[in-house]
Amino acid sequence: MLSVQTPNRLRSPRLALASLLLWLPFAIAQAAGWQASISPGDALYPVLDLSQGVSKPGEGRYGDGSGMISVDIVASQDNERVDLRVSAPALAQAATVQAVLPRAGQHYTLKPRLRWDRGALARVDKPQDIAVDFRLQRNGGDVQTRRQAARLHPLSEALYYVRDGKDHVDLGWIFAAYADPNSPVIDRILDEVAERHPFVSLQPGPRSSAQTLAAAYAVWEVLQLHGVRYADEDPGLARGPLVWSQHVRLHDDVWNERRANCIDGSLLLAAALERLGIRSVLLLVPRHALLAFYTDARQSAPTFVETTLLGARQLAVRPRPGFVGELSLIDSDALDSFSAALVAGQARYAREAAGFGQRKPDFQWIDLATARSYGIVPLAAPAAAAPPRR
């Protein structure tokens with residue numbers, strides 16, 4: 001039997017992001033007493049903010065933002081009042097912090113919450129050079145200003161690993177934000193599942209292994225019949241030596257364009273399985289991604305799926321998994337491709353298994369349930385993750 005390694009590589013996202021932001025230069029211009037910072041590396045990745053929902057107002061004494069945009073400041077006197085205002089393209093409104101700095105000579109970091117304009121972000125399809133404007137007022141005096149150049153990245157660009165010398169920050173949890181179980185696309189898929197296979201339960205809850213496989217197949221079948229096909233393209237945008245990032249096609253685009261690369265298809269299937277209460281894992285291996293999900297109640301032996309076979313026809317491999325009796329009407333081509341995807345997924349994992357558990361950016365084991373427990377929300381969630389509607 002193949003030994004399945006399930007490494008718990010997912011750190012708390014907020015801790016990981018905090019670690020990333022600690023790499024910011026600490027020097028503060030002594031003449032002005034404050035320094036504006038944009039991290040990582042003067043780049044803005046909106047997904048880092050939107051994947052973590054919205055913190056409660058007042059959680060941070062000096063601002064409740066993530067720290068991607070911040071101001072390091074040294075108080076010039078006890079109980080100094082400061083008013084910070086930050087403006088940038090793609091923000092729905094200026095980001096602000098009003099605070100009192102208790103002790104003169106003490107260092108403080110102001111972290112305004114960034115309220116992103118999702119409509120504006122939807123129009124950003126490639127990195128853009130922008131200017132970020134900082135306005136700081138101290139004790140009601142003159143306003144001091146700074147302008148800093150930055151690189152705004154699209155929402156579809158997932159930053160998943162950053163390295164600085166011997167240090168690194170693993171941000172692989174970011175991919176869980178692209179799996180949206182409450183997407184209208186998932187509604188449509190499950191409506192079609194219900195129509196084709198009325199005996200497949202769409203409610204989260206206990207299932208036998210055969211019932212779980214049948215539900216996963218039914219989703220696969222709907223995608224294949226809709227015409228979704230594997231798109232042989234490389235989604236990698238940056239592969240080091242400092243930053244690793246990747247383009248991710250959102251669910252609406254997959255459904256409307258009827259194409260998905262390995263990570264797009266895996267995330268769409270993961271979102272549908274999450275809606276059904278089936279635990280799934282996204283696996284990144286060098287230049288590829290595949291999906292795993294658990295069929296047994298003990299969640300001890302995942303089933304692997306090679307999503308590049310979505311839409312494949314006239315395959316030579318024709319194993320028949322033990323779930324056929326759970327379904328009413330079966331498309332033979334979809335059953336062939338799904339069966340072959342299970343075989344290929346298991347084989348691919350067997351080849352790559354040794355890479356997991358190592359600190360390498362190209363090997364990621366991203367358990368969606370663990371990501372949700374750490375507070376990762378779908379990008380479409382307005383504030384915090386909403387419970388599945390079914």
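## Overview of the model

Of the 390 residues of the protein, 54% count as buried, in a model that is predicted. The secondary structure comes to 9 helices and 18 strands, and the accessible surface of the protein is about 17300 Å², with 49% of that area belonging to carbon and sulfur atoms. When the contacts in the protein with a separation of 6 or more are considered, 73% of them are accounted for by residues 24 or more positions apart.

## Confidence

The average pLDDT of the protein is 85, and 83% of the residues score at least 70. Over residues 24–31, however, the pLDDT is below 50, and this stretch has 16 contacts in the model beyond near neighbours in sequence. A second such stretch is residues 383–390, where pLDDT stays under 50 and where the model has 20 contacts beyond four places in sequence. Where pLDDT is low, the predicted coordinates should not be read in detail.

## Helix α5

Helix α5 covers residues 209–226, and at 1.5 Å a residue its 18 residues should span 26 Å, which agrees with the 26 Å that separates its end C-alpha atoms. The helix is mostly covered, since 15 of its 18 residues are buried. Just after α5 comes Gly 227, which takes a positive phi of about 105 degrees.

## An open sheet of four strands

Where do the edges of the sheet lie, and which strands stand there? The sheet is open and is formed by 4 strands in the order β10-β9-β13-β12, with antiparallel pairing. The strands at its edges are β10 (167–170) and β12 (236–239); each has a single partner strand, so one side of each is left without a neighbour in the sheet. On average, and with direction ignored, neighbouring strands of this sheet are turned by 10 degrees against each other.

The pairing can be followed in detail between β10 and strand β9 (residues 157–164), which run antiparallel and are joined by 4 bridges. Within this pair, Tyr 161 stands opposite Asp 170 in β10.

## Strand β15 and its partners

Strand β15 (residues 280–285) is mostly covered, with 6 of its 6 residues buried. Both of its faces are covered: on one side Ser 280, Leu 282 and Leu 284 are buried, and on the other side Val 281, Leu 283 and Val 285 are buried as well.

Along its length, β15 pairs with strand β16 (residues 288–294) in the antiparallel sense over 6 bridges, and Val 281 has Ala 292 in β16 as its bridge partner. The hairpin of β15 and β16 has 2 residues between the strands, and in this hairpin Arg 287 takes a positive phi near 60 degrees. Strand β15 also pairs with strand β18 (residues 364–367), again in the antiparallel sense, over 4 bridges; here Leu 284 stands opposite Gln 364 in β18.

## A closer look at Ser 280

Is Ser 280, a residue of strand β15, buried or exposed? Its relative accessibility is 2%, and because buried means under 20%, Ser 280 counts as buried. Leaving aside residues up to four places away in sequence, Ser 280 touches several residues, among them Leu 291, Ala 292 and Phe 293, and its contacts also include Ile 366 and Asp 367. Ala 270, Leu 273 and Leu 368 are touched by Ser 280 too.

Note on methods: Residues are numbered from 1 along each chain as its sequence is written. This is a predicted model: local features need pLDDT of at least 70, side-chain atom pairs count only at pLDDT 80 or more; totals for chains, interfaces and linings use all residues. Side-chain values use heavy atoms; hydrogens and water are left out. Buried means under 20% relative accessible area, exposed over 50%, partly exposed in between (1.4 Å probe, protein chains only). Contact means heavy atoms within 4.5 Å. Accessible areas come from the Shrake-Rupley method with a 1.4 Å probe; for residues, only the protein chains shown count as cover. The expected span of a helix is 1.5 Å times one less than its number of residues. pLDDT is the predictor's confidence in each residue, from 0 to 100. Two strands pair if DSSP finds at least two bridges between them. Axes are lines fitted to C-alpha atoms, for helices over the stretch in contact, and angles run from 0 to 180 degrees between N-to-C directions.
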